[in-house]
Amino acid sequence: MTGSPIRTLLLWCPDWPVLAAEIVDGVPATGPVAVLHANRVVACSERARAEGVRRGLRKREAQGRCPQLTVVEYDPGRDARAFEPVVAALEELVAGVEVVRPGACAVAARGPSRYLGGEEAAAERLIEHVAQSCLVESQVGIADGVFAAGLAARAGRVVEPGGTPAFLAGMPVEALGRSALADLLRRLGVRTLGDFAALPAGDVLARFGFDGALAHRLAAGRDHRPLAVRQPPTDLTVTSAYDEPIDRVDAAAFAARALAEQLHDRLAGHGLACTRLGIEAVTEHGQELHRVWRHDGLLTAAAIADRVRWQLDGWLSGSNGRAGARPARPTAGIIRLRLIPDGVIAQAGLQTGLWGETGEERERAQRALSRVQGILGPEAVVTAVLGGGRSPADQVRLVPWGDERLPARPEVPPWPGRLPPPAPAVVLPSPLAATVHDAAGEPVVISARLAVSAVPARLVVGDGRPAEIVGWAGPWPVDERWWAPAEARRRARFQVSLADGTALLLAVESGQWLVEAIYD
């Protein structure tokens, strides 16, 4: 990889999920508002922050800090739809705007700075234009590369050319946006981007893999995208024409999924994956619409379909944002849709997945699972994500295929009262009622002080036959949420081995024995 990062101007709208909820759903963003995803705060308003609400808090903890908090569910489609007028307003002054994510978009700084009288003047002009056109507050950052420009935008800074590595050096490793990597680096004593950038690139690749190597380049101020992306051949573009104009969002979503799978298959056939996606649409009256979406990772078929659906929703809904900000709804339905893989990288950089190396089997599996979701809904195909918790059922969260794989509870800090290893192989969706008896046939009970009345000798699960217990360990107590009587839970857990070789995880709650999991 050779070359240097492109001088980039990035416009960032703070707390965009909160602002989008106000624009689309009328939620007053001036009050205490929090946007939740997987029961955790992903964005909050300035008033909520003043009351102590922070990103990453659980819903109940956030409401405890701010009882008058308004809670809104995270909706990426809503965020993208509301952001469309902002992008359209920028395109009135500059060309080649790329949407990094809803709430942030980037453009090469050279053109605006020359046309508008310098980088600082261009930043001020764009902020003022967005404020006047959309009544949206924004900040602009300029630096070498998209990553550094995004961090500069949060501080409203213009980093001088060549000064990006020094600008990044003092920032914490959490700025990389990779929580697992940041946690591991801190435990290794690497606390800043400068410390991380000082590590040998070969050692980083060997220890942290492909994604870690990309993060290492970002930390050093060497934005990987301009170096890794090449201009794709023209035959990778996919186009679809429609006899009946598309003017409904549900019809557009169906068309988007089919065209996204076609583009993904064509890229996979060339051993490529998309990182920047151009979306073009032509209406029945000849109106041409165009937008570019940028992504930090590799766009799967589902991710491509999501971005096309969000963009078509933004166009077809005609969201006018605040104070009638443009664009208006197209005057006719869409008759032609075109997807352009504006930036691609070799797919060999992908890590090994569930079906082995990237290739035909992996792609076939992804297509099959996406089709099942299309027929039965997103919840029909789920994958397990491990997180924090004290029992196996608490540590696993089922996430729909293609969604962001975030644990329901963070794995760190360590959870007191967590079960000792090994972990059970099967966690029952609903615990099974059981009884435990001693050698004399009397029920074994656990006192409030966790004293076992007798040595467990036999186990009966439901209406089954008694099984002899040949080994046991415990009890391990759990006393959770004792400060909230309606949610408090107190139980004791045991590991037992049966004569037939079966090992079980048992729990005693309110005097009832339960089978929670099975060991392999």
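This section describes the overall make-up, nonpolar cores, salt bridges and selected residues of a predicted model.

The chain contains 16 helices and 19 strands. Of its 520 residues, 47% are buried. Among contacts with a separation of 6 or more, 56% join residues that lie 24 or more positions apart. The accessible surface of the chain amounts to about 25,600 Å², and carbon and sulfur atoms account for 53% of this area.

In soluble globular proteins, nonpolar side chains tend to be buried together. In the present model, the largest nonpolar core comprises 69 residues. The members that touch the most other members of this core are Leu11, Trp16, Val86, Leu277, Val308 and Leu339. Helix H14, which spans residues 301–317, is the greatest contributor to the core, with eight residues. A second core, separate from the largest one, consists of 31 residues, including Trp12, Ala104, Ala148 and Leu181. The surroundings of Val86 illustrate the packing in the larger set: when neighbours within four places in sequence are left aside, Val86 is in contact with Leu11, Cys13, Trp16, Val130, Cys134 and Val136.

Nonpolar side chains are also found at the surface. Val382, Leu386, Val396 and Leu398 form a nonpolar patch there, with a combined accessible area of about 340 Å². Strand E12 (382–386) and strand E13 (396–400) are the elements that each give two or more residues to the patch. Leu398 belongs to strand E13 and is classed as exposed because its relative accessibility is 54%, the threshold for this class being over 50%.

The structure holds 20 salt bridges. One of them pairs Arg276 with Glu98, with 3.3 Å between the closest N and O atoms. This pair connects distant parts of the chain, since Arg276 is located in strand E9 (residues 272–283) and Glu98 in strand E5 (residues 98–101), 178 residues apart. Both Arg276 and Glu98 are buried. A further salt bridge joins the side chains of Arg491 and Glu516, at an N to O distance of 4.0 Å. Arg491 lies in strand E17 and Glu516 in strand E19 (residues 512–519), so this pair ties together parts that are 25 residues apart in sequence. Arg491 is buried, at 3% relative accessible area, and Glu516 is likewise buried, at 11%.

The salt bridge between Arg248 and Asp250, with an N to O distance of 3.1 Å, involves residues of another accessibility class. Arg248 is partly exposed, with 48% relative accessibility, and Asp250 is also partly exposed, with a relative accessible area of 48%. In addition, Arg7, Glu119 and Asp144 are linked in a network of salt bridges.

Two further positions were examined individually. Thr164 is located in helix H8 (residues 164–169). With a relative accessibility of 1%, Thr164 counts as buried because the limit for this class is under 20%. Apart from residues up to four places away in sequence, Thr164 touches Ala143, Asp144, Ala148, Val159 and Gly221. Among these contacts, Asp144 takes part in the network with Arg7 and Glu119, and Ala148 is a member of the second nonpolar core.

Arg481 is placed in the loop between strand E16 (467–480) and strand E17 (489–498). Its relative accessibility of 26% puts Arg481 in the partly exposed class. Excluding residues up to four places away in sequence, Arg481 touches Arg60, Glu487 and Ala488.

Methods
Residues are numbered from 1 along each chain as its sequence is written. This is a predicted model: local features need pLDDT of at least 70, side-chain atom pairs count only at pLDDT 80 or more; totals for chains, interfaces and linings use all residues. Side-chain values use heavy atoms; hydrogens and water are left out. Patches are made of residues with over 30% relative accessible area and no salt bridge: like charges are joined within 9 Å, nonpolar side chains (Val, Leu, Ile, Met, Phe, Trp, Tyr) within 5 Å. Accessible areas come from the Shrake-Rupley method with a 1.4 Å probe; for residues, only the protein chains shown count as cover. Helices (H or I, at least four residues) and strands (E, at least two) are DSSP runs, numbered from the N terminus. Buried means under 20% relative accessible area, exposed over 50%, partly exposed in between (1.4 Å probe, protein chains only). Contact means heavy atoms within 4.5 Å. A nonpolar core is a set of buried Ala, Val, Leu, Ile, Met, Phe, Trp, Tyr and Cys residues joined through side-chain atoms within 4.5 Å.
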